Amino acid sequence: GVGATRADAAVVFETLARADISVTAYLTIHNMNCGLLAKFGSEALCEQYLPDLASLEALSSYCLTEPGSGSDAASLRTTARVDGDDLVIDGAKTFISGAGSADFYFVMARTDASVSKAKGITCILVPKDAAGLSFGKAEEKMGWNAQPTRAVSFDGVRVPVTNIVGEFGQGFPIAMTALDGGRINIAACSVGGASFCLDYAREYMDSREQFGAPVGSFQYNQFRFAEMATDVHASRLCVRAAANALDEGSSTATRDAAMAKLFATERCYDVANRALQCLGGYGYLREYPVERYVRDLRVHTILEGTNEVMRQIISKRM
């Protein structure tokens, strides 16, 4: 709500992720939803919902992934049919961050089965209190445990046609546009988490002595830190270049976002993992924070489009 750019957001999310990746990652999803509504929603829809969403008085979830459609998002099977002035939604979503706790759900549903997969999808805003909306159990996850992840089920959920975000049948392009920003955001979270782990490992190794000297003074560890710092710095530059491309409306923005997501999530996870190794046995203990960062960062190569899909996107746009 402050008019910040995507580049500004990348700096903010990187900084927040140094303290808590899981909470920050959820905020990036909510931020993506707010941007989606602000860009594509009708004036009436924005006036009704955006003030509470932008101020965090209300929270939101993004509902695209389904049990049978992950990377092939256009094959989703959740449907929405027009019934008078309403849309009636049936289907299920899975791996939804914030589900059950969020107040609103941005749902991608098939509204026209007569056209190609990507053209028959519409984005619909669904409030939590809609009849027929229900949630599965909170998933037990490796990381990201500061936010709930649940399945979301729609059993004849009825919302006004005016809750369509964008135009009828425009949902898939909207989803892909939103994911460009989402990929930059999650990459920024990776940079923040890795930079914390690097700093923590350096401080630890400078204070721990073995063989009569600080472990951090050994040349091997100095070289290891140099490589880790270079990976963090290169990831940060890649993320910020992609954020600037998106702000400028560059024709390369989708490719650049995929590059940032691919590079930063893989390199920064590796930095965190090497930081854990620097702590030896202590790195494996819950008492020390690095193991949590390693667990939280691992999923970043999977969500917002797997890194295998990022490679496809990049190769098609070279």
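**Exercise 1. Describe the largest pocket: how much space lies in it, and which residues line it?**

Step 1. The largest pocket holds about 1100 Å³ of space. A pocket is here an open set of points on a 1 Å grid over the protein atoms alone, with protein on both sides within 12 Å along at least five of seven lines. Its volume is the space filled by 1.4 Å probe spheres set on the points, which are joined across faces, edges and corners.

Step 2. Lining residues, those with an atom within 4 Å of a point, number 39 for the largest pocket, and Thr65, Ile302, Leu303, Glu304 and Gly305 are the closest to its centre. The model is predicted: local features need pLDDT of at least 70 and side-chain atom pairs pLDDT 80 or more, whereas totals for chains, interfaces and linings use all residues. Residues are numbered from 1 along each chain as its sequence is written, and side-chain values use heavy atoms, with hydrogens and water left out.

Step 3. At least two lining residues come from each of α2 (21-40), β1 (60-63), β3 (86-97), α4, α7 (290-298) and α8 (307-316). Helices (H or I, at least four residues) and strands (E, at least two) are DSSP runs, numbered from the N terminus. Helix α4 gives the most, six residues.

Step 4. By class, this lining has 17 nonpolar, 12 polar and 10 charged residues. Ala, Val, Leu, Ile, Met, Phe, Trp, Tyr, Cys and Pro count as nonpolar, Asp, Glu, Lys and Arg as charged, and the others, Gly among them, as polar.

**Exercise 2. Describe the second largest pocket: which element gives the largest share of its lining?**

Step 1. About 930 Å³ of space lies in the second largest pocket. Of its 31 lining residues, Ala4, Arg6, Asn31, Cys34 and Gly35 are the closest to the centre.

Step 2. The largest share of this lining, 10 residues, comes from α2. By class, the lining has 19 nonpolar, eight polar and four charged residues.

**Exercise 3. Examine helix α4: how many of its residues are buried, and what does it give to the largest nonpolar core?**

Step 1. Helix α4 (residues 171-207) has 37 residues and reaches 54 Å from its first C-alpha to its last. This is close to the 54 Å expected at 1.5 Å a residue, the expected span being 1.5 Å times one less than the number of residues.

Step 2. Of the 37 residues in α4, 28 are buried. Buried means under 20% relative accessible area, exposed over 50%, and partly exposed in between (1.4 Å probe, protein chains only).

Step 3. The largest nonpolar core, a set of buried Ala, Val, Leu, Ile, Met, Phe, Trp, Tyr and Cys residues joined through side-chain atoms within 4.5 Å, has 72 residues. Helix α4 gives the most to this core, with 18 residues.

**Exercise 4. Compare two salt bridges: where do Glu266 and Arg311 lie, and are Glu291 and Arg295 buried or exposed?**

Step 1. A salt bridge is a side-chain nitrogen of Lys or Arg within 4 Å of a carboxyl oxygen of Asp or Glu. By this rule there are 15.

Step 2. The closest N and O atoms of Glu266 and Arg311 are 3.2 Å apart. Glu266 lies in helix α6 (residues 253-278) and Arg311 in helix α8, so the pair ties together parts that are 45 residues apart in sequence. Glu266 is partly exposed at 32%, and Arg311 is partly exposed at 39%.

Step 3. For Glu291 and Arg295, the closest N and O atoms are 2.8 Å apart. These two residues are four apart in helix α7, and therefore about one helical turn separates them. Both are buried.
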